[in-house]
Amino acid sequence: MTDYIRNIVNKQNVTSQVTLIRGATILSIDEHVGNIERGDILINGSTITAVGPKLDAPDAHVMDATNMIAMPGMVDSHRHAWEGQLRRINPNATCLDDYSDATHFSFAKYYRPADIYVGNLLTALGAIDAGITTMIDNSHNSRTAAHSDAAVEALLDSGIRAIHASGAPVAGEWDKAHWPGNWQRLQEKYFTKSPESLVTLAVMAQLEPELWTEARRLGLSIVTEFFGAEMGAELKSLHQQGLLGPDNIFNHCTALPDEGWKILREAGVRVNVCPRSDSHYGIESGMFAMEAAQRHGINPGLSVDNETSYSTDMFMEMRVAFYLQRVMGMHQQQCCNSEHALKTLPAAQLLKAATLDGAGCAGLQDKVGSLTPGKQADLILINTRDLNLYPSGNAFGTVVHAAERSNIDTVMIGGRIVKQNGKVLGVDRARLRTAIDNSREHLFTASGYQPDIFADTFLAL
């Protein structure tokens, strides 16, 4: 029995069995399919069956995508979804301690299952609205089994494709008796009976081999917050023991020496980088690690990390990545004798990082991340007729440098339309806002926090 309302989202909006998206500018992110100035996408149920110009499908439901860019749904490969109702509460944070003060050491301790549900649901719906169709939920506030259930149920209710990485709380009292046995319980309750679910299970654990062993017994991927300067020295021993592998997902990977990157590549560890988070919170060098990763043959995904300081969208993540790498390149050329020539990435490569490379980080590259026949129909349509986008002089430039959430006309996940005509479908917004407001009121009252929407800094409780 839950103490939260689960009928905020009505998922009855579905497409017909066969759908033809007609006349779009297609950015497939598939080198074999290529990019098509005006083409069609044929979808049968949840699956893309064909991509090309002038497809013939006489019995299909036709969606007119003239003056729209069709591209894969974006993949956020690292998000702490439970923090959704704490959006922008700490906009001027300068370090990880600032982030932790506004989450783990304050409100997190007072989260009820209802608050976890609200946070995860709000984050997932916001992601869908922003064209993010897949998300790895790094859930490091699983205080009880009921909290974990609430997190999973919110993801299921939202309609997003997600990997729920169940993790232990960082601070405060919590039910240690359910850890790590909670992983098997979650697996049996939600996932064993529904192998085709959009939501799947992983675990969140630091460099803790005993927990990794349990995760691997259950066949679950392992997500780790990894900071290279601080933790890189442990990689050699872990690798020699055979404890690193393709089931490891490392977030951040800041300031990691070349030797560490070579180990990650050899072990097949999956990586995502955080352009805004790393600079906003001054994590180690403060610079996201995409250049170092790619120099060692790793194509990392991009991730938002959290919303407590900035927005949810991957458009801004790509733009920040683009300009930070330009600054890095100019800095090295002008004042440093770097042994590595930094190659800046064009817009097309950054879009790949936000889609196919993110899918690779999630282990879903064979299912999503590109508009490839045989893959799931996870895609978005961007309306280039909007005033801020028209005319579209370059398709990749339009997406990476100019598009925003409001330009997304349609979002489809597994062949099901979840956003159409610029609106996320099936959401009772009044009930959602009430649930959010009630959750915030509880958290603020329980923690003794006095909200100030004009404050320069978040005052630690």
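Begin by selecting Asn 67 in this predicted model, and look at how far its side reaches the surface: Asn 67 is partly exposed, its relative accessible area being 37%. With Asn 67 still selected, step back to the neighbouring elements, and you will find that Asn 67 belongs to the loop that joins β4 (61–64) and β5 (68–72). The backbone deserves attention here as well, since the phi of Asn 67 is near 60°, which is a positive value in a residue other than glycine.

Next, select His 252, which also has a positive phi, of about 75°, although His 252 is not a glycine. Is His 252 buried or exposed? Its relative accessibility is 2%, and because buried means under 20%, His 252 counts as buried. In the chain, His 252 is part of strand β11, which covers residues 248–254.

From β11, widen the selection to the sheet. In what order do its strands lie? The sheet is open and has eight strands, in the order β6-β7-β8-β9-β10-β11-β12-β13, and the pairing is parallel. Now colour β6 (74–79) and β13 (301–302), which stand at the edges; each has a single partner strand, so one side of each is left without a neighbour in the sheet.

Stay at the β6 edge and add strand β7 (residues 132–139), which pairs with β6 in the parallel sense over four bridges. To see one position in this pairing, select Arg 79 together with Asp 137, the residue in β7 that is the bridge partner of Arg 79. Then show helix α2 (residues 113–129), which packs on the sheet and touches β6 and β7, while the direction of α2 makes about 150° with that of β7. Moving on to α4, you will see another helix that packs on the sheet, here touching β8 and β9 (199–204), and the direction of α4 makes about 180° with that of β9.

Just before α4 there is a backbone feature to pick out, so to speak, by selecting Trp 179 and Pro 180: the peptide bond from Trp 179 to Pro 180 is cis, with omega near 0°. Pro 180 sits in the loop between β8 (161–167) and α4 (181–191).

For the last stop, select Tyr 390 and Pro 391, where the peptide bond from Tyr 390 to Pro 391 is likewise cis, with omega near -5°. Pro 391 is placed in the loop that runs between β14 (379–383) and α14 (395–402).

Notes:
Residues numbered from 1 in each chain as written. Predicted model: local features only at pLDDT ≥ 70, side-chain atom pairs only at ≥ 80, totals over all residues. Heavy atoms only, no water. Helix = DSSP H or I, 4+ residues; strand = E, 2+ residues; numbered from the N terminus. Buried < 20%, exposed > 50% of the residue type's maximum accessible area, 1.4 Å probe, protein only. Pairing = 2+ DSSP bridges. Contact = heavy atoms within 4.5 Å. Axes fitted to C-alpha atoms, helices over the stretch in contact; angles between N-to-C directions.
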